[in-house]
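I opened the file to look up the nonpolar core, the ligand shell and the confidence scores. My entries follow.

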Amino acid sequence: MPRQTSGVIAAAKGAPVTLEPIVVPDPGTGEVVVRVQACGVCHTDLHYREGAINDEFPFLLGHEAAGVVAEVGDAVDNVAPGDYVILAWRAPCGTCRSCRAGRPWYCFDSRNAAQPMTLADGTPLSAALGIGAFCEYTLVHAGQAVKVDPAARPEAAGLLGCGVMAGWGAAVNTAGVRRGDTVAVFGCGGVGDAAIAGATMAGARTVIAVDVDARKLEWARGFGATHTIDARETDPVDAIRALTDGFGVDVAIEAVGRPETYTQAFHARDHAGTLVLVGVPDPSMRVDLRLLDVFGRGGALKSSWYGDCLPSRDFPMLVDAYLTGRLDLDRFVSETITIDDVEAGFAKMQAGDVLRSVVVLP
Ligand SMILES: NC(=O)c1ccc[n+]([C@@H]2O[C@H](COP(=O)([O-])OP(=O)(O)OC[C@H]3O[C@@H](n4cnc5c(N)ncnc54)[C@H](O)[C@@H]3O)[C@@H](O)[C@H]2O)c1
Ligand SMILES: [Zn+2]
Ligand SMILES: [Zn+2]
């Protein structure tokens with residue numbers, strides 16, 4: 001029987017989200033229904049509400065979730081009812097040109113449920129990042145449900161499903177931070193702080209946090225930042241040079257998604273340094289760089305989609321790191337909220353009051 005439940009819907013560009021009745025179909029071949037236990041409020045949900053991702057409204061928001069498999073369709077062999085899972089927005093197909101070339105983290109045909117969830121009147125919903133988890137039950141492709149150790153509480157584990165994985169992976173997988181590297185992270189929200197935690201775990205010698213909010217900089221220290229720069233008070237490029245013998249950093253990570261911070265990160269690198277863009281810009285944004293600087297400074301300019309992660313490899317590994325005290329996921333959870341409080345969660349995120357508000361479902 002299709003499940004009747006309610007979900008957080010963005011109905012139109014810029015309109016406040018509302019909790020609406022939705023219908024979750026029975027799982028078809030290769031699909032699973034997951035009972036969501038917790039789901040973080042990510043900036044990307046707000047990008048959807050603002051129409052900055054695409055205009056396929058209505059959206060069912062929420063994509064940073066952990067829960068328990070409730071029901072599986074035919075031909076599902078990786079999970080069974082009762083399994084504790086984190087939902088992934090990447091489920092490599094195994095057969096596209098990237099997967100066949102051994103780079104499944106660039107999969108071009110990542111799997112999602114074939115059937116849409118709908119509003120009560122049958123209107124199909126666009127599920128945020130192919131998940132849609134601000135709801136009691138959600139339908140995903142089985143490959144999106146990654147089994148992890150149930151000892152990890154869902155409020156913390158779910159954050160690996162997006163922001164923490166994206167930031168940690170930007171540092172470790174995309175930038176490939178090495179022991180002894182100097183690293184600067186622009187933007188210390190959940191994603192930037194996860195990049196700081198990743199760089200620290202990878203053995204970076206210096207990790208410089210840059211933000212425009214003093215509270216964020218204070219929190220960044222808790223994740224391993226060795227230095228902090230308030231970009232409202234100091235030019236961050238000059239300050240980063242001053243902290244690195246005048247050279248700049250080996251790795252600069254942009255976790256805001258704005259041209260000015262991207263440009264700063266570009267110039268804050270040492271020669272042949274790596275720049276990683278993990279922040280998501282909106283379609284109107286452009287950067288103006290001197291082409292000779294792009295050439296002359298050398299190095300690598302990379303984008304990081306989901307931290308170049310392989311969920312089936314990285315989620316269980318990071319859950320183990322959490323359970324053994326090597327990755328402090330609890331520190332990302334600023335507050336837990338109910339499902340009817342997502343709009344207030346957006347406001348707190350925009351005001352800089354939280355790293356993550358996490359919706360907990362009964
Ligand atoms: N690439 C991916 O796969 C991926 C995944 C998840 C999220 N994201 C993106 O990462 C970005 C960060 O997400 P988040 O959840 O941490 O958001 P957030 O809003 O919590 O954090 C953004 C931070 O940037 C800071 N900031 C704003 N302007 C700044 C400036 N001029 N200089 C320095 N810092 C500045 C803010 O104070 C804030 O601390 C968003 O664009 C989000 O969409 C990307
Ligand atoms: Zn593929
Ligand atoms: Zn996200």
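I looked up the largest nonpolar core first; in this predicted model that core has 119 residues. A nonpolar core here is a set of buried Ala, Val, Leu, Ile, Met, Phe, Trp, Tyr and Cys residues joined through C-beta atoms within 7 Å; buried means that 20 or more other C-beta atoms, placed from the backbone, lie within 10 Å of the residue's own. Val183, Ala184, Val185, Ala195 and Ile253 have the most contacts inside the core. Helix 4 gives the largest share, seven residues. The core lies between domain 1 (3–161 + 328–360) and domain 2 (167–305), because both give residues to it. Domain bounds come from an automatic or database assignment.

I then listed the contacts of Val183 (C-beta atoms within 7 Å), leaving out residues up to four places away in sequence. Among them are Ala171, Ala199, Ile208, Asp250 and Ile253.

Next I checked ligand 1. I found 33 residues around ligand 1 (C-beta atom, placed from the backbone, within 6 Å), with Ala166, Gly187, Gly189, Val191 and Gly257 the closest. Elements giving two or more residues to this shell include helix 4 (163–174), helix 5 (190–201) and strand 12 (206–211); helices (H or I, at least four residues) and strands (E, at least two) are DSSP runs numbered from the N terminus. Each of domain 1 and domain 2 supplies at least three shell residues.

Last, I read the confidence, pLDDT, which runs from 0 to 100. The chain averages 97, and 100% of the residues score at least 70. Helix 1 has the lowest mean among the elements, 94, and strand 11 (residues 182–186) the highest, 99.

Note on conventions: residues are numbered from 1 along each chain as its sequence is written, chains are lettered from A and ligands numbered from 1 in the order written. Local features need pLDDT of at least 70 and side-chain atom pairs count only at pLDDT 80 or more, while totals for chains, interfaces and linings use all residues.

How values were computed. pLDDT is the predictor's confidence in each residue, from 0 to 100. A residue is buried if 20 or more other C-beta atoms lie within 10 Å of its own, exposed if 12 or fewer, and partly exposed in between; C-beta atoms are placed from the backbone. Two residues are in contact if their C-beta atoms, placed from the backbone, lie within 7 Å.
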